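Reader: Before I rely on any labels for this structure, I would like to see how each one is justified. Could you take me through the reasoning?

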Amino acid sequence: MRIALGLEAAQPGLLPLLADPGLLAAIDATAELLTLADGFAQPGADGPDALLLANWLGARSRQVGILPGVAVNFLEPFHVSTGIATLDHVTEGRAGLLVQPLRGARPAQARRAIGPLPGFPEPEAAALAADTAEAIAVIRALWDSWQDDAIIRDPVSQRFVDAERLHYIRFQGQRFSVLGPSITPRPPQGQPVVAIDLQASDDPAQAAGAELVFLGAEATALAPALRGAPLVFADVLVGDSARPGLRWDGSAGQLAALGRLPGVAGLRLVPADPARDLAPLLAALPPVRPGAGSLRQRLGLPPAPNRNINVAA
Amino acid sequence: MAKKQVILGAQFPGVNNFTVWSDPAAGSQIAFSSFRHFAETVERGKFDFIFLAEGLRLREQKGRLHELDVAGRPNTLAVLTALAAVTQHVGLVGTLTTTFNEPYPLARQLATLDLLSGGRAGWNFVTSPGAFTGANFRRGDHLPHAQRYERAREFVEAARQIWRGGDFAVLSRHFDIAGRSGLGPLPQGAPVLVQAGESDAGRELAASHADVIYSRHSELEAGRAFYADVKGRLARYGRRPDALKILPGANFALGDTEAEARDKAAQIRLQQVSPRSAITFLEQVWNRDLSAYDAEGPLPAIDPDVEADALSQGRAMRYDDRLATARKWREIAERDGLSIRQLVIRVTGRKQFTGTPQAVALEIERHVQEDAADGFVLAPHLTPGGFDEFVAKVVPVLQDRGVFRRDYAASTLRGHLWAA
């Protein structure tokens, strides 16, 4: 059974915790991966940008996979793609992207924070879902826009890069287009792991572009419907919380039992109050296998071929 | 009177035509280990800040991706935030466009960098060429050229409101935004604002809104004139002359003797301008395919093409009067007997402090004491070890002369810049 931690970048008291080297070492030792939900335009407490917080953690951690949440509908896919690629370079292959659809009042709040802009979706469900799919497609295509061997440093031809190994992506969507190539060389994993958060009310079709799906604490019933996604994690609440859903009782036996839920490959433990719940939680978890390579390898995902290379050739 | 203190910024040599990749000592420009080595070195040298340039589309020449110079860089804010985790004092300044960002997301990211670094964030706010760079962004070519500075000014004003924390609401020509920021007040109040004002409008914007000017006027006399001009503009915004620091960009070449340093400088220039790079550079001015010309031979007799669209895209450089530039360069080449490559080496050179560590330190100090600068943004020619020798040999001379800190006295970038 795989263990993930689900944190929110805006949670009060989180930054001092993560600044503690001992706590970070405990995360490295017990969790396969960590998600950092982003509080983009959340009223009252938007908190730090999760993608940047992830890069800060990435430079100080050693093992754990890091997936920052990104509200892709309200950002530039180009900047998101280079930001995650950079996280993969900083962590030498431990990066992922948590696609974070905003729900309820939040799309309208996010839209108010960036303004009504051409090229961005209207804040209603169908437009947001369509835009999410397009944003993921662009982010992924940009990761492949540099071949792994594009940098040649060839003194004979006096060329640093080989333009034949760089690719325009020429993406044309409903509302926007992106030409490419990326400005950032291909990340070490080729394709950092793409994950998405789903709640009970979401259309499971949104998970089509993802390799990892996190099912909210009330959405466990969706698991069997997600056969297309290789890995499904179910959320388990830790600590006092009014939220309904699966809840950890503090025992290892219960974790093992929850890990046998049909269609579930792992659990994401979500502490209600990290300052109170995180340290005891980490102390109770069994250690993970150390030094198992990139995040893709740890999760048993296949290597990511580059779409621009003809494998048959 | 106490001597003026020298401010030193360290530009990471990545995607620039001064970065030499063909040298055996040249390492990766993308691996985090390179950034870490660079940052740790300049922090050991007590530099004020690290400086990253920006490029949001790969450069093109003759409709094709440019292959000769270093290409490929990380996301600026992401790598600076990663560096915040492995450094303690050095400032972290990124160049970020106001054209293809929006105020709330970018101000929030800069606030995050300031928070996670304990007050070391800086922002070189620039504008970007619309159609070329816009092809990579949702909004595309959305901004008329004439409005670029206006948007930049409104952008910075919106960012300042967001950095204060709490509710923000902006309704201006370019923005209609509102919300609430939970991050303010920030460790240093607001990230340090850097601007590369050149035109009259640019200088005015710097005088009204910036903390630092990154200037190209690095020679003593030109520097003094620029310095006096810009500092003279501050009073009308109610600012003291010291409120705006002027930092020209410069390169350096060190040797144990003057002769050795000169040889090294010449060698670096040859590495920076390969034969093909020389032809490519000339093509930017001539606006023609010159690939049939020999870089070691004379300049083309044919005139530049002033009718066609620009051959080169994605560079900061602009040559508005191609014919006059070509005429001037032919005169220089004929007078001094220069080949194409030698001419390009001559005309593309920028300020290069060349000499023994002692001489370079004295020259830097002289520019500062004579009000040609408040310091420099230095750019070495090698990644990642380009500052190793400078930190070991030049910094101690500056420290012994009492014009550069022996240790950090402050923890924020503002604290470093206004320490004295």
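Author: What follows takes the salt bridges, the interface and one pocket in turn, and the model is a predicted one.

Reader: What makes the pair Arg298(A) and Glu32(A) a salt bridge?

Author: The side chains of Arg298(A) and Glu32(A) are 3.1 Å apart, taken from N to O, and since the rule asks for a Lys or Arg side-chain nitrogen within 4 Å of a carboxyl oxygen of Asp or Glu, the pair therefore qualifies. This salt bridge links distant parts of the chain, with Arg298(A) in helix H9 (residues 295-298) and Glu32(A) in the loop between helix H2 (21-30) and E2 of chain A, 266 residues apart. Over all chains, a search of the whole structure finds 57 salt bridges.

Reader: How do you know that Asp176(B) and Arg112(A) form a salt bridge?

Author: The closest N and O atoms of Asp176(B) and Arg112(A) are 3.4 Å apart, and the cut-off is 4 Å, so the label applies here as well. Across the interface of chain A and chain B the rule finds 7 salt bridges, along with 36 residue pairs in polar contact, both residues being at pLDDT 80 or more. Among the elements of chain A that give two or more residues to the side touching chain B are helix H3 (50-60), helix H4 (77-91) and strand E5 (151-154), and the largest share, 8 residues, comes from H4(A).

Reader: What makes 35 residues of the side of chain A that touches chain B nonpolar, and how many are polar or charged?

Author: The class follows from residue type, with Leu and Ile, for instance, counting as nonpolar and Arg as charged, and on that basis the side divides into 35 nonpolar, 18 polar and 12 charged residues.

Reader: How do you know that chain A and chain B bury area between them, and which residues of chain A lose the most?

Author: The buried area is what the two parts lose on being put together, summed over both, and for chain A and chain B this comes to about 5,300 Å², of which carbon and sulfur atoms give 59%. In chain A, Leu52(A), Gln158(A) and Ile183(A) lose the most area to chain B, together 14% of what that side buries. By contact, 65 residues of chain A meet 58 residues of chain B.

Reader: What makes a residue part of the lining of the second largest pocket, and which are closest to its centre?

Author: A lining residue has an atom within 4 Å of a pocket point, and of the 25 that line this pocket, Glu8(A), Ala37(A), Asp197(A), Gln199(A) and Arg243(A) are the closest to its centre. The volume of the pocket is about 540 Å³, and E1(A) gives the most to its lining, with 3 residues.

Methods
Residues numbered from 1 in each chain as written. Chains lettered and ligands numbered in written order. Predicted model: local features only at pLDDT ≥ 70, side-chain atom pairs only at ≥ 80, totals over all residues. Heavy atoms only, no water. 1 Å grid on protein atoms, 1.4 Å probe; cavity = no way out; pocket = protein on both sides within 12 Å on 5 of 7 lines; lining within 4 Å. Points joined across faces, edges and corners; volume = space filled by probe spheres on them. Helix = DSSP H or I, 4+ residues; strand = E, 2+ residues; numbered from the N terminus. Contact = heavy atoms within 4.5 Å. Buried area = accessible area lost by both parts, 1.4 Å probe. Polar contact = N/O pair within 3.5 Å; in protein donor to acceptor, adjacent residues only side chain to side chain.
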